[in-house]
Each structure stands twice: as structure tokens, then as C-alpha cells.
Amino acid sequence: MSDDCCGPVVTKASPAPVVEDACCGPAAPAAPSDVLEVERPTPWWRDRSLARPLAAGVLWVAGLLLGWAGLDLPALIVHVLALAAGAWTFVPGTLRRLVQGRGRSRLGVGLLMTIAALGAVLLGHVGEAAALAFLFSLAEALEDRSMDRAKQGLRSLLALIPETARVSRPAGPELIPAAELRADDLLLLGAGDRVATDGVIISGRSWLDTSAITGESIPVEMGPGDAVHAGSLNGSGSLTLRATSDGRDNSLTQIVRLVDQAHAAKGERARLADRIARPLVPVVLVVSALIALFGVLTGDPGLWVERALVVLVAASPCAMAIAVPVTVISSIGSASKLGVVIKSGVAVEQLGTIRTVALDKTGTLTRNEPRVVAVATVGGRCEEEVLVLAAALETASSHPLAAAVLAAADATGAAAAEATEVQEAPGHGITGQVAGREIRVGSPRWIVPGDLAVRAEEMASHGMSLIMVEDDGLVIGVLGVRDELRPDAAEMVAALHVQGIRTVMLTGDNTLTARAIAREAGIDEVHAEQLPADKAAHIRRLSAEAPTAMVGDGINDAPALASATVGIAIGVTGAAAAVESADVVFTGTELRQLPVALAHARRGRRIMTGNIALALVIIVVLFPLALFGVLGLAAVVLIHEVAEVVVIANGMRAARTRGDTRAHLLSDHGGTS
């Protein structure tokens, strides 16, 4: 079956025969081998796209040997066969584009190669024409193969989904094809099993290796209530998961769909190459025609027509046309190994130019899990008593901070108290009776801090939200609740500063909280209490000053993500609006990925720039040498096509990872690679 987004990835198997299960009886269907069809790299000797270019090369060399042996007719025949084998890879497509295309899209590098080969044959240089066809077809085939390898590396993410999954059924455990999983199915995971689709743990505890999905290098301990991504590898424990997505549509297949979008765009540098190549083709044709006309007018048409053909080949922008796409696809493929999904080639190019990074606070720099981080008391009351009284009321509360109070009370180990006559005062707090005493829990605007005013102000200055606790009309304590900074946030900011990148915080939170979090993270510039439109306006201003990336994960970040030079969403399971608006998506939540991704993109951009420079140098140098007859057709063809192979090989360097990739990229602060 062909997936509209991902191609022929998942196929539904025909009904499988029932096999005898030693443990559960005859309930498990045999696992089909084609539930997930994942493209595998084809060995070069079995790659059909290389067959004709290689055949052309063998025939061309054979023709040269026959010619040196004095067998002119056999050499001519073999060179004609070499020309046919090489030309068949690009001439039909060139002619089809010439007839069916519109405007300048009809004029491509293939047209120049076709005209040059035809002219060489008319001039009697069949061997040179065969060399041209062989080298051009080989360069094209190598480009296609390098792109296919990069795409296969991305597509191999799907290999992380097992072919089958064991699910719980009323009649007992059953083994079914992973593609047939549905939301709410109960998955049974044993030691060493891979998770077939996204789910939430219902029972059991274990360590899960999520490195292939999120890029997190350390296995994560998980238990009931924890969400698990498809493709994660279970440790030694046994788990029961409730599926939250179908086997065909989960976080892993979503990653692949996002990556596939990258293949539709060649990148800003690729478009620059196209903009150079398209006007260059007609210019080269006109110049070649003028050179040939000069020969006719001066009475030596043979010499000048031949030079016109040599100029035609020398000025062909074939190396430039293929200089960038290989680098783009290679960069995207290697980034996916770091848990970074780059949606387009444009994003690869622009990510390497970033000089300012703007970060959202909640859920990006912080955990988005409010916790009680400080407790102050008065009148001889202990912290445990204040927490227990507050938790007794918050048990019935829908307030967003209630869970933080309950968790803090549980952590004290004190016996829980029971509250009665609980009533909520919207926008203020909650009241109730505990052991015959009237307890109130709420904001400082509702319950005056009294003797705790100084302590409450100090806690607020550190970015804490305050919850006052009152017992029979007397304030007995204040709780400080804060969404804590992620443990790797300060490290990430420091790494960005080392790379010379400016950092800015944009948040809708209050100014005191924002400044406190920014101070801990090491961020100097803070813009707090920002509405989504305000964030977008700030991003447009920053982008006008320097290329700017916006990092966020919420729906309110979507306008800013779309307005930035590059929008970066944290976590593929974040708000759909944020993921769709972003150019880059981190599949995990590690902020360390950000400086790694920027260093990686900067390295890819340097490779792109080098490729374009080399392609331009080839044209600039060869053009006059061909015009004045210093180089003949064979020499120009050889130099030009060898240059194509060089830029392809250079572009493929972007796919390399060496040792500890994270450490290497973090140390590559703009230096050479």
C-alpha cells in the first residue's frame, strides 16, 4: 500500500495463518514479513542506475585501447556503443523537457551536454562525445545514489517499529501485525521489546532507551502514567501500555512525514544555483553561436565551431546544479540522527546563519511542571502542617497549582487531613473545614500576607507564584510554586554564547518570574507579559537586525515561530500548531540539541558555500582556456565531470558523524570541519 505522505512504507498483509503459541495456545497469527516495508540501501554493484554509466565507461576505455592498438573501426563502433549507453541516461529526459517544459525550465544542463555531444559527433570526435556522455551520466547517477542513501537513512527510522505487537485480548495475549494496532489496544511489552506505537504505561516499571527517537543518550525510568514513543526499546521490566495512536499513525511516522517534506525543497542555496544556471544556459548558447558565426565570417568555420562546442561544455553549470542538493539531503539525514527534524533545505541554509535565538519560557526553558519549591511559616507552625492543610483543600480543587501542592504534601510523608464543606471562590482560592477549623487557601490578593509580607515579597522576587494558607483567620504560611528551569537550560545558553549567539527570552509570564528564570539560565534580555502578537512583533524586529531563530512548543508560540528566520519546535508531540509553524522540530526535549543543531547547520552551510565556489571557479577558469584553444574538448570534459564527482563527494561529508557527534559539534564553534 502506498502512503500518501511517506510512499510505499506500510503494506497490509494478507490474512496470516494461525500458529500454535506454546504459552497462550492457538491465538497468535504468524507475523507477516511485509507489514513494514523499509527501503534498504542497494549495493553499488546491484544498483541499476549505475549500470548504464558504468557500461559506458567500460566501453569508452575499451574503445581507447582499441584505438591505441590501431583498430580504428572496432574502436569507433565501441565508442558509439559507449555514447549510446551514457546518453540514454539524460538525453530522453532532456528532449522531453524541451518539448513539454515551459519558459526557462526547458533549458537545463542536460541540453548543453546533448548539444555538445551531438556537435562532437558531427565533427568526428566520437570518442570525446562518448567521454562526455559517460562522465556526465556517472556524475548524475552518483548524485541520485547519494540522495537515495540519505533518504533511506531517514526512512530507516521506520525500521524501529517492530513488525508485530503482542496485545491483550479477552481470550488471552495475541500477536498481531503492528500496522493493525488501534488506539486503546493494550500492548504487552517484554524485556528487550520495541514499542510498536505511542502509548501510556498502565502497569509495570522499566528503563526505556529512547535515544533513536529523541536523541537522549541515557535510558529513562518510566512507570504508570508515563507516555512512551513508538520505537523506544524496553529494558528488563515488563510493561502494559494503552495505545494512544494507531500503528500506522504515531510519533515515529509523523517524524518520517516531516522529514519527507524536506525532500521537496532544495534549499535557498540550491535556488541560488538554479538562478545562476537558468540564465547561464541561454547565455552560453548565444556565445557559442557567436563564436561559430565568427568562424564562418573569417573563413575557418571548422576551428571555431569546434571551439564553440568546447566553450559550450566548459561553461556548463553542471557542477553547480548538483553542488547543493546532495549537501542538503545529507545534512537533513544526519540531523535526524541527532533527534533534529529539518523540514526543508531552506531551513538547512538559514539555520546555519542564525545569530540570535529567542526562547519561550514555559515548556521550553522550564519543565512545565509547577512544583512547591519553598515554604515559609509563622507562629511556630511547621512546614508539614501547612502543606497538609493546604493539600486537604486542594484535593477538591481544579486550580492548575493544586497538583503541585498535593505532590509536595505527599513528599512530606505526613498523614493526610480530610476537609469538609469545601467551597471554591473563583479567582481567589478555596475554603473548607479541617478538624473543626476554618481553613482558607488562596492568592495574596485574597489573603493578606500579614507577618509574612517580607518573606512573600522575597519569594515572589525569585519568580515564585504564592499560595497563602490561613487557619481560623490567622495567616500561618505561604507556599512558593514555580515551574523549575530544565537542568540543561543553563548549559544550552552557555553553549550558544560560546558560539557568539545572542539569547533573548519571550514569555507571557509575569516580569518577576521571567527575570528570575532568565537569571538562572544566563539570559540577559527578557521580554515578559507578551501576547502571541507581541512575540511575533519582537521576532520580526530581531530578524530585521540579524537572522533569528524562535524556540517554542505551545500554540501561543505559533505566530512567532512562523515570523522567525527559522522556527524551532521543542518536542514532536508538542502543540500541533507549533509543530506545523516550525521549520525545525526536536523529537525530544533536550535543550542541548539546540547548539548541536546550529553547529551542524553551520557546517553544512560551509560545505554548500565551498561547492558553489568550486563550481563557479570551474566555469570562470575553463571558459577562456576553451575560447583560446588551450584546452580541447576531451580535457574540458574530463575536468568538468571530475569536478562534479568532487562536489558530490564533498556534499556527502555533511552526512558523516564522527565519534561523539554531540561533543564534536559543540566544539566546532565556527571552525573548519
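These entries record what I looked up in a predicted model of one protein.

**Entry 1. Overall composition**

I began with the totals for the protein. I found 24 helices and 24 strands. Of its 673 residues, 50% count as buried. I then turned to contacts between residues at least 6 apart in sequence, and noted that 67% of them join residues at least 24 apart.

**Entry 2. Helices α17 and α22**

Two packed helices are described by the angle between their axes and the distance between the axes. I therefore looked up both values for helix α17, residues 489-498, and helix α22, residues 593-627: the axes come within 8 Å and cross at roughly 25°. Angles under 35 degrees count as roughly parallel, so I recorded α17 and α22 as roughly parallel to each other.

Which residues meet in this contact? On the α17 side I listed Met492, Ala495 and Leu496, and on the α22 side Leu594, Pro595 and Leu598. By class, the contact of α17 with α22 has 6 nonpolar residues, with no polar and no charged ones.

**Entry 3. Leu496**

I followed one residue of that contact further. Leu496 is placed in helix α17. Is Leu496 buried or exposed? Its relative accessibility is 0%, so I entered Leu496 as buried. Apart from neighbours within four places in sequence, Leu496 is in contact with Val357, Ile501, Thr503, Leu594, Pro595 and Leu598. I also noted the C-alpha to C-alpha distance from Leu496 to Arg592, which is 9.8 Å for two residues 96 apart in sequence.

**Entry 4. Helices α9 and α22**

I next looked up α22 against α9. The axes of α9 and α22 come within 9 Å and cross at roughly 175°. Angles over 145 degrees count as roughly antiparallel, and I therefore recorded α9 and α22 as roughly antiparallel to each other.

From α9, the residues in this contact are Trp304, Arg307, Val310, Val311 and Ala314; from α22 they are Ile619, Leu622, Phe623, Ala626 and Leu627. I divided the residues of the contact of α9 with α22 by class and obtained 9 nonpolar, no polar and 1 charged.

**Entry 5. Aromatic rings and charges over rings**

A pair of aromatic rings is described by the distance of the centres and the angle of the planes. How many aromatic pairs does the count give? I obtained 1 aromatic pair. Phe294 and Trp304 form this pair, with 5.0 Å from centre to centre and 85° between the planes, an edge-to-face arrangement. The two residues are 10 apart in sequence: Phe294 belongs to helix α8, residues 268-298, and Trp304 to helix α9, residues 301-314.

I checked the accessibility of both partners. Phe294, at 42% relative accessibility, counts as partly exposed, whereas Trp304, at 19%, counts as buried. The cut-off for buried is under 20%.

I then looked for charged ends over rings. The charged end of Arg307 sits over the ring of Trp304, 4.9 Å from the ring centre. I made a similar entry for Arg440, whose charged end sits over the ring of Trp446 at 4.5 Å from the ring centre.

**Entry 6. Ser331**

I located Ser331 in helix α11, residues 325-337. Ser331 has a relative accessible area of 2% and is buried. With neighbours within four places in sequence left aside, Ser331 is in contact with Val348, His600, Gly604 and Ala654.

**Entry 7. Arg182**

Where does Arg182 lie? I found Arg182 in the loop between β4 (172-177) and β5 (186-189). Arg182 is partly exposed, with a relative accessible area of 39%. Not counting residues up to four places away in sequence, Arg182 touches Ala243, Ser245 and Asp246. I also noted that Arg182 and Gly247 are 6.4 Å apart, C-alpha to C-alpha, and 65 residues apart in sequence.

**Entry 8. Positive phi values**

Most residues other than glycine have a negative phi. I therefore noted residues that depart from this tendency. Glu421, which is not a glycine, has a positive phi of about 50°. I placed Glu421 in strand β15, residues 419-425, and recorded it as exposed, with a relative accessible area of 64%.

Asp472 likewise has a positive phi, near 50°. Asp472 is in the loop between β18 (465-471) and β19 (474-485). At 48% relative accessibility, Asp472 counts as partly exposed.

Note on methods: Residues numbered from 1 in each chain as written. Predicted model: local features only at pLDDT ≥ 70, side-chain atom pairs only at ≥ 80, totals over all residues. Heavy atoms only, no water. Axes fitted to C-alpha atoms, helices over the stretch in contact; angles between N-to-C directions. Helix = DSSP H or I, 4+ residues; strand = E, 2+ residues; numbered from the N terminus. Parallel < 35°, antiparallel > 145°, perpendicular 65-115°, else oblique. Contact = heavy atoms within 4.5 Å. Nonpolar A, V, L, I, M, F, W, Y, C, P; charged D, E, K, R; others polar. Phe/Tyr/Trp six-rings, centres within 6.5 Å; stacked < 30°, edge-to-face > 60°. Buried < 20%, exposed > 50% of the residue type's maximum accessible area, 1.4 Å probe, protein only. Lys NZ or Arg CZ within 6 Å of the ring centre and 35° of its normal.
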